[in-house]
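The following paragraphs lead through one structure, beginning with a single side chain and moving outward to open and enclosed spaces. Please keep the sequence and the model in view while reading.

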Amino acid sequence: MEHADKTRKGFRMPHTFVIIFTIILIAIAFTWLIPAGEYARFENAQGIKVIDPSQFNSLERTPVNPLLITQYIVNAFIKNADLIMVILFSGGAFHMLTKTGALQAVIAKLARRFSGHIGIFIPLLSLVFALICTTQAVNMFIAFAPVMVMLSLALGLDSICGVAIIILGGAIGFSTGTLNVSTTVISQKIADLPLYSGIGYRFVCFGVFFVVTNLFLIRYANKIRKNPQLSPMYDLDQKNALAKDLKLEDFGTMTPRKWITIVCLVAAMGLIVYGSIMKGWDVAEHAAVFLALGIVVGLVGGFSANEISKEFLAGCKDMLGAAMIIGLARSIGTIMGDGNIIDTVVHTLAGILNVVPFYLQGIGMLIANTIINVFITSGSGQASVVMPIMIPLADLLGMTRQTAILAFNFGDGFCNYILPTSTALMGIIGAANIPYDRWMRFMWKCFLLWLATGAVMLLIAQAIHLGPM
């Protein structure tokens with residue numbers, strides 16, 4: 001069977017590379033056009049390095065030399081070597097899985113089981129990703145993208161739907177900040193609030209966003225099922241062997257050897273989740289697990305050492321595009337930082353919020369944090385930069401600190417899934433071979449829906465004086 005050989009081959013994303021490189025050039029131009037500035041920083045009682053909002057100093061411009069653009073890109077690849085390795089090694093591991101035929105066979109079983117129950121299947125899967133991402137970042141699921149695309153295509157949907165189950169589900173868990181250490185906990189430490197206080201309302205937000213998002217996704221899935229040509233990925237999906245003349249019977253049946261292979265996959269994924277939550281694992285450990293998974297799956301599948309090496313490398317090659325995208329995207333933040341314009345952007349937005357009417361201030365903070373996230377895509381980094389400004393600003397405006405943190409969570413989280421600088425987004429759509437412009441043709445409506453929902457939840461938070469403080 002040749003499905004596994006053709007699943008990802010032939011896809012390239014030239015538009016995405018052009019978009020990211022254009023943004024890099026714009027970032028360099030901003031360092032020449034925007035005044036440089038810097039806040040004074042100090043360590044608070046919890047040992048977190050934060051901004052002193054009362055001390056903003058103008059600096060001499062430090063524009064970035066355009067001739068150094070390639071050096072910035074190379075340095076970004078070096079600094080993100082662990083993330084690039086997890087992308088490459090996960091590609092190798094999943095390529096080995098498809099070569100055994102086990103992944104296709106189990107997907108066929110799931111497709112036959114749920115083909116008539118999309119309204120149940122999509123919420124159940126997205127709920128799994130959402131719950132895990134209440135404590136984890138969405139980029140830990142980059143390796144799941146090929147599996148979900150295969151399953152989505154087998155169900156008569158498109159590749160965007162498969163990826164959206166991961167991204168939209170994970171976005172709900174991460175962006176509502178219910179239990180997130182890197183965003184909510186850091187923010188509450190800076191705000192001197194009890195850790196995990198306000199969790200009840202954040203879980204309410206989790207539920208509201210979950211319902212709204214799944215209604216949007218189910219509607220999209222049903223629309224694509226009825227008329228596949230409405231998919232932004234229609235022409236590219238037609239080149240995918242899984243979408244062309246697909247018959248579930250072609251995937252074969254499950255055998256004991258295939259069942260053992262699937263058990264290895266489940267064990268590896270479970271180990272990654274357990275290690276991340278309980279042992280503090282990062283992407284370097286994830287990469288090691290995928291490397292081991294590729295070898296073990298090859299041995300279980302009956303491959304020789306030479307065949308394992310050959311197929312694993314072939315899978316890594318398929319993921320080179322995604323790795324290149326992340327390396328390029330990560331250079332943008334460094335350019336903005338070296339140009340000393342990030343604090344200038346934050347200072348300007350904070351000043352604007354002072355003149356916003358009271359009941360719109362929460363929405364204003366949401367918009368401000370969304371804009372800031374374009375420049376600072378790290379949740380913990382943005383919390384350390386923004387919250388020392390937003391907390392005293394909330395006190396002055398009569399807004400509770402809890403509401404300010406909620407606005408930060410929404411602003412920091414949800415726009416990660418439209419930004420070409422986001423490793424979570426670019427890694428997942430890169431692994432699924434979905435060009436950025438195709439993704440945005442689907443995603444812009446969902447993002448506006450998220451903004452509207454977040455605005456309503458912040459209006460309610462202000463009306464009830466969400467506490468404490």
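**A buried asparagine pair**

Asn373 has a relative accessible area of 0% and is therefore buried. The model in which this value was computed is a predicted one. Asn373 belongs to helix α18. Its side chain forms a polar contact, at 2.8 Å, with the side chain of Asn416. Beyond the neighbours within four places in sequence, the residues in contact with Asn373 are Gln382, Gly411, Asp412, Cys415, Asn416 and Leu419.

The partner in this polar contact, Asn416, is placed in the loop between α20 (401–414) and α21. Asn416 is buried as well, with a relative accessible area of 7%. Apart from neighbours within four places in sequence, Asn416 touches Phe174, Asn373, Thr377, Ser422 and Leu425. The polar contact of 2.8 Å between the two side chains thus joins a residue of helix α18 to one in the loop that precedes α21.

**The two largest pockets**

Both α18 and α21 reappear in the description of the largest pocket. Its volume is about 990 Å³, and 40 residues line it. Nearest the centre of this pocket lie Ala137, Asn139, Arg330, Ser378 and Thr423. Two or more lining residues come from each of α4 (81–100), α9 (181–190), α13 (283–300), α16 (331–338), α18 (361–375), α19 (379–397) and α21 (423–431). Of these, α16 gives the largest share, three residues. By class, the lining of the largest pocket contains 16 nonpolar, 19 polar and five charged residues.

What is the make-up of the lining of the second largest pocket by class? There, 22 residues are nonpolar and one is polar, with no charged residues. This second largest pocket holds about 610 Å³ of space and is lined by 23 residues. Leu110, Leu125, Phe144, Val147 and Val266 are the lining residues nearest its centre. At least two lining residues are supplied by each of the helices α5 (102–114), α6 (118–132), α7 (145–154) and α12 (256–278).

**Enclosed space**

Alongside the pockets, the model contains four cavities of 30 Å³ or more. The second largest cavity has about 60 Å³ of space. Its lining is made up of Val86, Ile87, Ser90, Asn139, Met140, Ile142, Ala143, Val283, His286 and Phe290. Helices α4 and α13 each give at least two residues to this lining. Seven of the lining residues are nonpolar and three polar, and none is charged. Asn139 connects the two descriptions: it lines the second largest cavity and is one of the residues nearest the centre of the largest pocket.

**Cysteines without disulfides**

How many disulfides does a search of the whole structure find? The search returns zero. Cys133 takes part in no disulfide, and the nearest cysteine sulfur, in Cys446, is 15 Å away. Cys133 is buried, with a relative accessible area of 0%. For Cys161, the closest cysteine sulfur is again in Cys446, at a distance of 12 Å. Because a disulfide requires sulfur atoms within 2.5 Å, the separation of 12 Å between Cys161 and Cys446 is too far for a bond. Cys161 is also buried, with a relative accessible area of 1%.

**A long-range approach at Phe30**

Phe30 is located in helix α2 (residues 14–33). With a relative accessibility of 31%, Phe30 is classed as partly exposed. The C-alpha atoms of Phe30 and Ile341 are 8.0 Å apart, although 311 residues separate the two along the chain. Ile341 is also among the contacts of Phe30, the others being Met336 and Phe375, when neighbours within four places in sequence are left aside. Of these contacts, Met336 falls within the range of α16 and Phe375 within that of α18.

**Positive phi angles**

Two backbone positions close the account. Most residues other than glycine have a negative phi. Asn433, which is not a glycine, has a positive phi of about 60 degrees. Asn433 occupies the loop between α21 and α22 (436–463). Asn433 is buried, since its relative accessible area is 7%. His465, likewise a residue other than glycine, has a positive phi near 50 degrees. The position of His465 is in the segment after α22.

Terms used. Residues numbered from 1 in each chain as written. Predicted model: local features only at pLDDT ≥ 70, side-chain atom pairs only at ≥ 80, totals over all residues. Heavy atoms only, no water. 1 Å grid on protein atoms, 1.4 Å probe; cavity = no way out; pocket = protein on both sides within 12 Å on 5 of 7 lines; lining within 4 Å. Points joined across faces, edges and corners; volume = space filled by probe spheres on them. Helix = DSSP H or I, 4+ residues; strand = E, 2+ residues; numbered from the N terminus. Nonpolar A, V, L, I, M, F, W, Y, C, P; charged D, E, K, R; others polar. Buried < 20%, exposed > 50% of the residue type's maximum accessible area, 1.4 Å probe, protein only. Polar contact = N/O pair within 3.5 Å; in protein donor to acceptor, adjacent residues only side chain to side chain. Contact = heavy atoms within 4.5 Å.
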